[in-house]
4 protein chains.
Amino acid sequence: MRTSRLEAFSDGVIAIIITIMVLELKAPRGTNLAALMPLLPALVSYVLSFIYIGIYWNNHHHMIHATRTINGGIMWANLHLLFWLSLVPFVTRWVGENYHAALPTALYGVILLMAAVAYFIVQSAIIKMQGSGSFLAGAVGRDRKGKLSMVCYAVAIGLAFVNHWLADALYLFVAAMWLIPDRRIARAMETNPNGD
Amino acid sequence: MRTSRLEAFSDGVIAIIITIMVLELKAPRGTNLAALMPLLPALVSYVLSFIYIGIYWNNHHHMIHATRTINGGIMWANLHLLFWLSLVPFVTRWVGENYHAALPTALYGVILLMAAVAYFIVQSAIIKMQGSGSFLAGAVGRDRKGKLSMVCYAVAIGLAFVNHWLADALYLFVAAMWLIPDRRIARAMETNPNGD
Amino acid sequence: MRTSRLEAFSDGVIAIIITIMVLELKAPRGTNLAALMPLLPALVSYVLSFIYIGIYWNNHHHMIHATRTINGGIMWANLHLLFWLSLVPFVTRWVGENYHAALPTALYGVILLMAAVAYFIVQSAIIKMQGSGSFLAGAVGRDRKGKLSMVCYAVAIGLAFVNHWLADALYLFVAAMWLIPDRRIARAMETNPNGD
Amino acid sequence: MRTSRLEAFSDGVIAIIITIMVLELKAPRGTNLAALMPLLPALVSYVLSFIYIGIYWNNHHHMIHATRTINGGIMWANLHLLFWLSLVPFVTRWVGENYHAALPTALYGVILLMAAVAYFIVQSAIIKMQGSGSFLAGAVGRDRKGKLSMVCYAVAIGLAFVNHWLADALYLFVAAMWLIPDRRIARAMETNPNGD
């Protein structure tokens with residue numbers, strides 16, 4: 001099975017997910033700043049989710065690029081990832097309307113955690129098919145960043161019930177970790193590409 | 001006529017269908033578990049429809065992959081299939097809000113049955129064009145799985161008016177049948193690829 | 001400028017147009033046939049618009065296939081066509097809710113007429129660039145079907161204010177004219193491909 | 001990193017943005033001209049935004065076409081551009097419902113300004129990577145049109161609070177400037193492609 005159609009289909013679904021979120025930004029009733037202000041939390045959660053989906057698209061791009069052929073298992077693992085990503089607009093909307101509440105904040109983390117797990121499954125299925133000596137296996141290494149992200153999500157889910165700002169800070173931290181390339185990590189990767 | 005643009009267009013439509021369903025998962029009014037619970041049936045019907053659309057995308061991929069050229073009849077048969085698939089979000093929404101009711105449960109089966117019939121028409125049109133000795137004709141064989149699915153849908157439509165759980169079980173069974181590769185069938189296919 | 005990206009972009013927009021129309025089929029409030037019945041006009045108008053968009057996709061496919069390069073004028077003429085097609089979901093929704101009213105029925109024809117005019121402009125721009133001896137110029141010939149369609153739309157717009165069924169019949173007639181290949185016309189085309 | 005997937009993803013997002021705007025054109029309640037009239041401002045703002053997105057697609061097409069490879073920075077600069085474009089449907093809806101109000105008119109300009117800045121960043125990142133002797137650097141030159149657009153947007157944002165018609169006129173002027181090729185500029189470009 002070729003990867004090209006998997007890539008095209010995933011791109012299509014991710015492009016739609018990243019764009020339909022904006023449909024949830026309802027036009028304010030009034031026309032002054034006071035009417036616009038209540039939209040701010042929705043806008044902030046939209047920006048955060050946009051960045052997360054962008055990170056997934058970027059990483060997915062690189063992962064599939066290192067893959068020539070796929071099998072049925074990988075295809076379904078990929079659909080499983082797209083499923084969790086497709087729930088991001090739903091939870092973005094809920095947390096955008098209720099950013100101060102514990103449960104929406106926690107559920108945002110649950111969806112991010114499940115998407116991270118689903119991504120890990122796709123990655124593992126590709127590495128299993130290619131063998132541990134493959135390019136992707138080398139590039140991923142111990143996958144510290146991926147595992148740290150999952151731990152952060154899990155901690156954030158718990159913290160959401162203590163203080164939602166702590167959970168929000170963790171969500172921001174994980175996004176920043178993927179967005180801003182760490183010079184030290186980059187140097188370490190250069191001398192030890194396997195991340196050991 | 002090339003198959004590439006038919007493939008790209010079908011991929012686009014299927015990617016949109018599978019993604020816009022999530023727009024129907026409206027954010028709950030409250031922020032506690034009690035407010036989230038009523039969404040559960042909608043989520044379950046979303047998951048089931050996501051799997052069905054995923055199966056169609058996967059099978060469609062393989063069918064078109066075994067096809068070099070198409071004619072006007074195949075193109076319209078394919079649009080006919082996309083039409084029935086495009087109604088899946090509508091019926092998913094209805095059954096998600098009324099999973100206990102007979103008519104929505106039955107209509108879900110009607111849409112699935114019509115999509116299966118439409119798929120059968122596309123497949124037959126391609127085989128007719130290619131001839132019975134073609135690769136696709138061999139791979140499809142007697143198409144027991146396809147025919148069994150149609151029988152299941154028809155029975156489920158009737159059962160929806162007796163007890164909706166019976167119909168739901170049949171919908172799950174058909175999805176599982178396509179999702180989980182049957183080892184015995186796979187073995188039989190290996191020794192007798194035509195499925196006779 | 002290459003035609004491939006124009007083709008891909010047009011395919012994307014047309015795929016979205018044909019699919020988002022189904023978002024307008026709102027799930028009925030009740031769960032019996034009486035609750036489903038009011039949706040029938042909306043479903044019928046959806047089917048008709050689905051066929052029209054399908055016809056445009058098909059014809060657009062052939063037209064662009066006969067074109068190697070495009071210029072800025074063709075690109076904007078194509079966007080102009082996509083603009084009118086993008087209004088089809090809007091007018092489909094309106095006429096689906098008010099099929100018995102004159103103005104929505106007439107506006108449906110106006111949008112179809114403008115799309116036909118826009119298509120004619122794209123076609124003329126390509127033929128002008130390629131020269132009258134080109135393959136597309138030969139295939140289009142006098143473009144009787146295209147001109148007859150425009151006349152039908154114009155007549156239907158007027159008839160909508162007399163009796164909406166007459167306008168509806170004309171819309172159906174034009175769709176059928178493009179959908180069902182006329183054997184006599186096909187024969188005539190074979191002996192005289194220019195349609196003179 | 002190849003540009004092909006960046007191009008495909010951007011095309012997908014832009015195609016969705018340009019199409020979902022029409023979902024905001026709600027079908028009128030009544031069926032006469034009086035019911036249709038209130039939609040006119042929404043339709044006008046839709047047309048203007050459609051043209052703007054079309055211009056961005058066209059220019060983006062040319063910019064990426066002059067690029068072989070991209071890096072992580074360009075990829076994120078491109079996502080940043082798509083982010084601001086994704087807010088166009090939101091602000092189009094708001095200004096369409098409140099075209100006479102200062103704040104929506106000004107916010108429309110803010111989104112356009114931010115998109116123009118984001119486009120400028122992508123362009124600068126590509127030129128920086130390619131070097132000042134590259135084809136794109138030559139084609140862009142001093143980028144007078146781009147800079148004039150940004151000035152117009154900034155002025156329009158201020159004018160929105162004086163008289164919204166003046167801001168609207170500036171938005172129209174910028175769109176026309178990109179839409180209508182200026183013969184004198186074209187001549188100047190021919191003799192001095194760097195725009196100096």
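Over all chains of this predicted model, the count of disulfides comes to zero. A disulfide is a covalent bond between the sulfur atoms of two cysteines. Two cysteines can be placed by their accessibility. A:Cys152 has a relative accessibility of 7% and therefore counts as buried, the limit being under 20%. B:Cys152 also has a value of 7%, so B:Cys152 counts as buried too.

Salt bridges, in contrast to disulfides, are present: the structure holds 12 of them over all chains. One of them lies within chain A, where A:Glu24 pairs with A:Arg93 and the closest N and O atoms are 3.1 Å apart. A:Glu24 sits in the loop between H1 and H2 of chain A, while A:Arg93 belongs to helix H5 (residues 88-97), so this salt bridge ties together parts that are 69 residues apart in sequence. A:Arg93 counts as buried because its relative accessibility is 7%.

Chain C holds a salt bridge between residues with these numbers. The side chains of C:Arg93 and C:Glu24 meet at 3.1 Å, N to O. The pair links distant parts of chain C: C:Arg93 is in helix H5 (residues 88-97), C:Glu24 is in the loop between H1 and helix H2 (33-36), and 69 residues separate them. C:Arg93 has a relative accessibility of 7%, and therefore C:Arg93 is classed as buried.

Other salt bridges involve residues of two chains. A:Arg5, B:Glu7 and B:Asp11 are linked in a network of salt bridges. Further pairs of this kind occur where chain D meets chain C and where chain D meets chain A, and these two interfaces are described in turn.

The contact between chain C and chain D takes 28 residues from chain C and 33 residues from chain D. The two chains bury about 2,800 Å² between them, and carbon and sulfur atoms account for 74% of that area. Three residues, C:Arg5, C:Phe9 and C:Trp76, supply 28% of the area that chain C buries against chain D, which is more than any other three residues supply. Two salt bridges are counted between chain C and chain D. One of these joins C:Arg5 to D:Asp11, with 2.3 Å between the closest N and O atoms. The pair crosses between chains, from helix H1 (residues 3-20) of chain C to helix H1 (residues 3-20) of chain D. Both partners are buried: C:Arg5 counts as such because its relative accessibility is 3%, and D:Asp11 because its relative accessibility is 7%. C:Arg5 thus appears both in this salt bridge and among the three residues named for their share of the area that chain C buries.

Polar contacts between chain C and chain D number six residue pairs, with both residues at pLDDT 80 or more. On the side of chain C that touches chain D, the elements giving two or more residues are H1, helix H4 (72-86), H5 and helix H6 (102-130). H1(C) gives the most to this side, with eight residues. By residue type, the side of chain C that touches chain D divides into 20 nonpolar, three polar and five charged residues.

The contact between chain A and chain D takes 34 residues from chain A and 28 residues from chain D. The area buried between chain A and chain D is about 2,800 Å², with 74% given by carbon and sulfur atoms. Two salt bridges are counted between chain A and chain D. In one of them, the side chains of D:Arg5 and A:Asp11 meet at 2.3 Å, N to O. Six residue pairs, both residues being at pLDDT 80 or more, are in polar contact across the interface of chain A and chain D. Helix H1 (3-20), helix H2 (33-36) and helix H3 (40-65) of chain A each supply at least two residues of the side that touches chain D. H3(A) gives the most to this side, with 14 residues. The residues on the side of chain A that touches chain D comprise 21 nonpolar, 10 polar and three charged.

Two further pairs of chains do not touch. No contact joins chain A and chain C, and their closest C-alpha atoms lie 9 Å apart. Likewise, no contact joins chain B and chain D, where the closest C-alpha atoms lie 9 Å apart.

Note on methods:
Residues are numbered from 1 along each chain as its sequence is written. Chains are lettered from A and ligands numbered from 1 in the order in which they are written. This is a predicted model: local features need pLDDT of at least 70, side-chain atom pairs count only at pLDDT 80 or more; totals for chains, interfaces and linings use all residues. Side-chain values use heavy atoms; hydrogens and water are left out. Contact means heavy atoms within 4.5 Å. Buried area is the accessible area (1.4 Å probe) that two parts lose on being put together, summed over both. A salt bridge is a side-chain nitrogen of Lys or Arg within 4 Å of a carboxyl oxygen of Asp or Glu. A polar contact is a pair of N or O atoms within 3.5 Å; within protein, one must be able to donate a hydrogen and the other to accept it, and residues adjacent in sequence count only if both atoms are side-chain atoms. Helices (H or I, at least four residues) and strands (E, at least two) are DSSP runs, numbered from the N terminus. Ala, Val, Leu, Ile, Met, Phe, Trp, Tyr, Cys and Pro count as nonpolar, Asp, Glu, Lys and Arg as charged, and the others, Gly among them, as polar. A disulfide is a pair of cysteine sulfur atoms within 2.5 Å. Buried means under 20% relative accessible area, exposed over 50%, partly exposed in between (1.4 Å probe, protein chains only).
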